[in-house]
Amino acid sequence: MSTLVVYFWVSLYVVISIGAVMLLFRERAATAVTIAALIAGAVATSWIYLNGIFFPAPSPISAMSYVALATITPATIAFYLMAPKPR
């Protein structure tokens, strides 16, 4: 279970980084330094997830990266579809 929790954390951190970039652009507060820091953080954190896919651990732990992806993706889509739309 601890491996699954790490994959949930990593995936959501990447989603938060993407959202932060979008928010900075929306508020017109984006600077090169903040965008570079967010991208570097997202890429470095993504490596944790990609490392589990490219260099899998013994079974059944190797399936946890896919379990996390299979649960976070539909949840993210559902939150996006339920969000209030600007008029």
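The legends below describe close-up views of a predicted model of one protein chain.

**Figure 1. The whole chain, built from three helices.**
Read along the sequence, this predicted model follows the pattern α-α-α, and the chain has three helices and zero strands. The radius of gyration is 15 Å, well over the 12 Å that the globule rule gives for 87 residues, so the chain is more spread out than a compact globule. Taken along the principal axes, the box that the C-alpha atoms fill is roughly 45 × 30 × 20 Å. Of the 87 residues, 21% count as buried. Among the contacts with a separation of 6 or more, 64% are accounted for by residues that stand 24 or more positions apart.

**Figure 2. The largest nonpolar core, with Tyr7 as one of its members.**
This core has five residues, namely Leu4, Tyr7, Val10, Tyr49 and Ala68, and the largest share of the core, three residues, comes from α1. As background for this view, nonpolar side chains in soluble globular proteins tend to be buried together. If neighbours within four places in sequence are left aside, Tyr7 is in contact with Ile48, Tyr49, Gly52, Met64, Ser65, Ala68 and Ile72. Two of these partners, Tyr49 and Ala68, are also listed in the core itself.

**Figure 3. Leu4 of helix α1 beside residues from later in the chain.**
Leu4 is found in helix α1, and because its relative accessibility is 10%, below the 20% limit, Leu4 counts as buried. Not counting residues up to four places away in sequence, Leu4 touches Met64, Val67 and Ala68. The C-alpha atoms of Leu4 and Ser65 are separated by 6.9 Å, although these two residues are 61 residues apart along the chain.

**Figure 4. Ser65, a buried serine in helix α3.**
Ser65 lies in helix α3, and at 0% relative accessibility this residue counts as buried, the limit being under 20%. Which residues does Ser65 touch, not counting those up to four places away in sequence? They are Tyr7, Tyr49 and Ile53. The contact with Tyr7 links this view to Figure 2, where Ser65 is listed among the partners of Tyr7.

**Figure 5. Ser17, a second buried serine, placed in helix α1.**
Ser17 is found in helix α1, and with a relative accessible area of 5% Ser17 is buried. Leaving aside its neighbours within four places in sequence, Ser17 is in contact with Leu38 and Ala42.

**Figure 6. The largest pocket and its lining.**
The largest pocket of the model has a volume of about 610 Å³. Of the 16 residues that line this pocket, the closest to its centre are Val15, Gly19, Met22, Thr76 and Tyr80. The elements that give two or more residues to the lining are α1 (2–26) and α3 (64–82), and the largest share, seven residues, comes from α1. Sorted by class, the lining has eleven nonpolar, three polar and two charged residues.

**Figure 7. Arg28, a loop residue with a positive phi.**
The place of Arg28 is in the loop between α1 and α2. Is Arg28 buried or exposed? With a relative accessible area of 76%, Arg28 is exposed, since the limit for that class is over 50%. Its phi is near 55 degrees, a positive value in a residue other than glycine. Most residues other than glycine have a negative phi.

**Figure 8. The cis peptide bond that joins Ser59 and Pro60.**
Omega of this bond is about 5 degrees, and Pro60 is found in the loop between α2 (32–54) and α3. For comparison, most peptide bonds are trans.

**Figure 9. Ala78 in helix α3, with Ala63 for reference.**
Ala78 lies in helix α3 and is partly exposed, with a relative accessible area of 34%. The C-alpha atoms of Ala78 and Ala63 are separated by 23 Å, and the two residues are 15 residues apart along the chain.

Methods
Residues are numbered from 1 along each chain as its sequence is written. This is a predicted model: local features need pLDDT of at least 70, side-chain atom pairs count only at pLDDT 80 or more; totals for chains, interfaces and linings use all residues. Side-chain values use heavy atoms; hydrogens and water are left out. On a 1 Å grid over the protein atoms alone, a cavity is a set of points where a 1.4 Å probe fits but cannot get out, and a pocket is an open set with protein on both sides within 12 Å along at least five of seven lines; lining residues have an atom within 4 Å of a point. Grid points are joined across faces, edges and corners, and a volume is the space filled by probe spheres set on the points. Helices (H or I, at least four residues) and strands (E, at least two) are DSSP runs, numbered from the N terminus. Ala, Val, Leu, Ile, Met, Phe, Trp, Tyr, Cys and Pro count as nonpolar, Asp, Glu, Lys and Arg as charged, and the others, Gly among them, as polar. A nonpolar core is a set of buried Ala, Val, Leu, Ile, Met, Phe, Trp, Tyr and Cys residues joined through side-chain atoms within 4.5 Å. Buried means under 20% relative accessible area, exposed over 50%, partly exposed in between (1.4 Å probe, protein chains only). Contact means heavy atoms within 4.5 Å. The radius of gyration is taken over C-alpha atoms; the globule rule is 2.2 Å times the number of residues to the power 0.38.
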